[in-house]
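Please walk through this protein with the sequence and the coordinates side by side. The paragraphs below go from one strand and its neighbours to a sheet with its helices, and then to some local details of the backbone and the cysteines.

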Amino acid sequence: MSVKVAEHHAVSDKELRKEFCDTLLAMAAEDEKVVVLDADLMNAAGTKPFQAAYPERTFDCGVQEANMIGVAAGLSSRGFIPFTHTFGPFAARRACDQIFMSCAYAKQNVKVVGSDPGVTAALNGGTHMPFEDMGIMSTIPEMTVVEPCDLVSVGKVTRLAKETYGCWYIRLHRKGAPNIYEEGTDFTVGKANLLKDGKDVTIIAMGYLVAEALKAAEALEKEGISARVLDMWCLKPLDEEAVIAAAKETGAIVTAENHNIKNGLGSAVASALALNCPTVLEMVGVQDEFGEVGPVPYLAERFKLTADEIVAKAKKAVARKA
């Protein structure tokens with residue numbers, strides 16, 4: 001597997017939702033089975049160009065998230081590959097039963113996209129701020145749960161979802177994000193990507209926190225601490241092999257997620273370690289709280305989702321290891 005890390009991590013000019021739509025358009029040109037459904041949020045999702053290009057394959061179901069999932073399940077049963085979109089809390093909470101019964105239990109091929117994860121919901125506030133969506137989706141049997149972190153990964157993961165039969169939950173940050181990968185990077189379901197090697201501690205991050213993890217690793221290196229960084233873009237199935245290797249080779253792990261540490265990445269890694277290789281573990285993430293209104297930088301500080309917090313937890317983990 002080839003992983004090519006970008007030399008500079010500047011925020012992309014292109015928004016991730018634009019890359020998402022461009023990928024959908026490319027896939028639709030190749031395969032007439034690709035269809036798009038939305039719950040009255042096509043402007044937010046950036047999928048209006050898809051509607052313009054393929055009106056007969058676009059279904060705006062209105063503010064009826066559960067019904068949208070039912071429609072998607074029906075389309076899947078007829079051989080189509082539906083990509084549905086709404087904000088993360090409405091995808092994971094409001095439509096959960098339909099995703100469970102009509103899609104996953106029925107062995108359908110529906111891709112559920114939940115946007116504005118965690119603090120990236122920003123000024124939409126606590127009602128729109130999903131800190132629990134990956135946990136909910138991960139409990140559904142045979143569900144693949146992923147969170148890309150930049151332009152390259154959004155395009156690659158969206159295409160991978162289309163090419164892999166089954167139900168997926170794709171956690172999508174809509175706006176600009178730091179460039180993490182270069183074109184040519186491979187993504188394999190259930191396999192983490194090694195972004196930086198290290199020997200003293202491993203930082204396992206997802207989504208919004210991947211860029212912060214790389215910043216933290218640079219800061220730690222200046223203090224003589226060698227940090228490995230893994231992008232665990234696929235939460236389920238978890239790359240337990242990479243987690244166990246990190247535990248054995250670095251002896252300390254820090255998880256970093258824009259999500260509740262309960263039933264998220266922290267819990268998944270803790271479970272893998274407890275069952276296979278008990279190791280020092282610290283968690284950066286939301287500490288069992290509801291969201292609130294604010295700009296992303298404020299919210300990141302408020303919920304301690306920052307490079308500084310990762311550095312502090314990494315130092316603590318290394319000290320505990322010693």
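**A covered strand and its surroundings**

Strand 4 is mostly covered, with 5 of its 5 residues buried, and this description, like everything that follows, refers to a predicted model. The covering applies to both faces of the strand, since Lys 111, Val 113 and Ser 115 on one side are buried, as are Val 112 and Gly 114 on the other. Strand 4, which spans residues 111–115, has pairing partners that can be named. Strand 3, made of residues 81–87, pairs with strand 4 in the parallel sense over 5 bridges, and in this pairing His 85 stands opposite Val 113. Strand 6, residues 168–172, also pairs with strand 4 in the parallel sense, over 5 bridges, and here the bridge partner of Ser 115 is Leu 172. In general, strands of a sheet pair through backbone hydrogen bonds, either parallel or antiparallel.

Further along the chain, 5 strands form an open sheet in the order 7-9-8-11-12, with mixed pairing. Strand 7 (193–196) and strand 12 (280–286) stand at the edges and have a single partner strand each, so one side of each is left without a neighbour in the sheet. From one strand to the next, the twist averages 25 degrees. At one of these edges, strand 7 pairs with strand 9 (residues 227–231) in the antiparallel sense over 3 bridges, and Leu 194 stands opposite Leu 230 in strand 9. Helix 9, residues 208–222, packs on the sheet and touches strand 7, strand 8 (201–205), strand 9 and strand 11 (252–260), while its direction makes about 160 degrees with that of strand 8. Helix 13, residues 307–321, packs on the sheet as well, touching strand 8, strand 11 and strand 12, and the direction of helix 13 makes about 160 degrees with that of strand 12.

Another pair of helices can be followed through their crossing. The axes of helix 10 (residues 240–250) and helix 11 (residues 265–276) come within 10 Å and cross at roughly 65 degrees, which makes helix 10 roughly perpendicular to helix 11. The crossing is right-handed, and the contact is made by Glu 240, Val 243, Ile 244 and Ala 247 of helix 10 together with Val 269, Ala 272, Leu 273 and Asn 276 of helix 11.

Several loops deserve a look at the backbone. In the loop between strand 10 (234–236) and helix 10 sits Pro 237, and the peptide bond leading to Pro 237 from Lys 236 is cis, with omega near 0 degrees. Ala 122, in the loop between strand 4 and helix 7 (133–138), has a positive phi of about 50 degrees although it is not a glycine, and at 14% relative accessibility Ala 122 counts as buried. Asp 288, in the loop between strand 12 and helix 12 (296–302), likewise is a residue other than glycine with a positive phi, near 60 degrees.

Why does the structure hold 0 disulfides, as far as Cys 103 and Cys 167 are concerned? The sulfur of Cys 103 has its closest cysteine sulfur in Cys 167, at 5.0 Å, which is too far for a bond, because a disulfide requires the two sulfur atoms to be within 2.5 Å. Cys 103 counts as buried at 0% relative accessibility, and Cys 167 counts as buried at 4%.

Methods
Residues are numbered from 1 along each chain as its sequence is written. This is a predicted model: local features need pLDDT of at least 70, side-chain atom pairs count only at pLDDT 80 or more; totals for chains, interfaces and linings use all residues. Side-chain values use heavy atoms; hydrogens and water are left out. Buried means under 20% relative accessible area, exposed over 50%, partly exposed in between (1.4 Å probe, protein chains only). Two strands pair if DSSP finds at least two bridges between them. Helices (H or I, at least four residues) and strands (E, at least two) are DSSP runs, numbered from the N terminus. Axes are lines fitted to C-alpha atoms, for helices over the stretch in contact, and angles run from 0 to 180 degrees between N-to-C directions. Contact means heavy atoms within 4.5 Å. Angles under 35 degrees count as roughly parallel, over 145 as roughly antiparallel, 65 to 115 as roughly perpendicular and the rest as oblique. A crossing is left-handed if the near helix is turned anticlockwise from the far one by less than a right angle, and right-handed if clockwise.
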